[in-house]
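Student: I would like to go through the terms used for this model and see what each one rests on. Where do we start?

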Amino acid sequence: MSCIFCELIASADPPRLVYEDEAVVVFPDIRPQAPTHLLVVPRRHVATIVEAAETDPELVTAMTRAVADVTRRLGVEAPGFRLVVNTGDDGGQTVGHLHMHLLAGRRMTWPPG
Ligand code: AMP
Ligand code: ZN
């Protein structure tokens, strides 16, 4: 099975990592939708947040720890930010490897598109 995020993480020329630990990497989205648009991605291939919650809840915790570290470091914790986890076709998920979008640097609108 080929997975673009598995390939990126294993690549000899990986994306610039904003954060990394043994379980999680954070790197910029290639098509940014906000001044700051990062992807919080588990190193291990898991398809969705539901699969992660059921098979490896510690992985979800590790992703939130990465969010805490990065938002503090980038100074966007206080002004605020948005976390998005598109899931499945109706959710708009286009890459079948779990990721959180971390969006910041502008005022977000609601409802989402
Ligand atoms: P989603 O549509 O929620 O599954 O999000 C997938 C995201 O991955 C999109 O925002 C894409 O812009 C982003 N993306 C796809 N390929 C790459 C890549 N090679 N490097 C960084 N981000 C990517
Ligand atoms: Zn993968």
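Tutor: With the metal site: donors are N, O and S atoms within 2.8 Å of the metal. Keep in mind that this is a predicted model.

Student: What makes Cys3, Cys6, His45 and His97 the residues that coordinate the zinc ion (ligand 2)?

Tutor: Cys3 and Cys6 offer SG, and His45 and His97 offer ND1, at 2.0 to 2.3 Å. The cut-off is 2.8 Å, so these atoms count as donors. In sequence the donor residues follow the spacing C-x2-C-x38-H-x51-H.

Student: Why is the site of the zinc ion (ligand 2) called tetrahedral?

Tutor: The angles among its four donor atoms are 104 to 118°. Four donors count as tetrahedral if all angles lie between 85 and 135 degrees, so the term applies.

Student: Which parts does the pair Cys6 and His97 tie together?

Tutor: Cys6 lies in helix H1 (residues 4–10) and His97 in the loop between helix H4 (88–91) and strand E5 (100–104), so the pair links parts 91 residues apart in sequence.

Student: How do you know whether Cys6 and His97 are buried or partly exposed?

Tutor: Buried means under 20% relative accessible area. His97 has 0%, so His97 is buried. Cys6 has 28%, which lies between 20% and 50%, so Cys6 is partly exposed.

Student: What makes up the largest nonpolar core?

Tutor: That core has 18 residues, and Val24, Val26, Val40 and Val70 have the most contacts inside it. Strands E2 (24–28), E3 (36–42) and E5 and helix H3 (57–74) each supply at least two residues. H3 gives the most, with seven residues. A second, separate core of seven residues includes Cys3, Phe5, Phe27 and Leu39.

Key
Residues are numbered from 1 along each chain as its sequence is written. Chains are lettered from A and ligands numbered from 1 in the order in which they are written. This is a predicted model: local features need pLDDT of at least 70, side-chain atom pairs count only at pLDDT 80 or more; totals for chains, interfaces and linings use all residues. Side-chain values use heavy atoms; hydrogens and water are left out. Donors are N, O and S atoms within 2.8 Å of the metal (3.2 Å for Na, K and Ca); water is not among the atoms, so sites may look incomplete. Four donors count as tetrahedral if all angles lie between 85 and 135 degrees; four count as square planar and six as octahedral if opposite donors are over 155 degrees apart and all others between 65 and 115; anything else is irregular. Helices (H or I, at least four residues) and strands (E, at least two) are DSSP runs, numbered from the N terminus. Buried means under 20% relative accessible area, exposed over 50%, partly exposed in between (1.4 Å probe, protein chains only). A nonpolar core is a set of buried Ala, Val, Leu, Ile, Met, Phe, Trp, Tyr and Cys residues joined through side-chain atoms within 4.5 Å.
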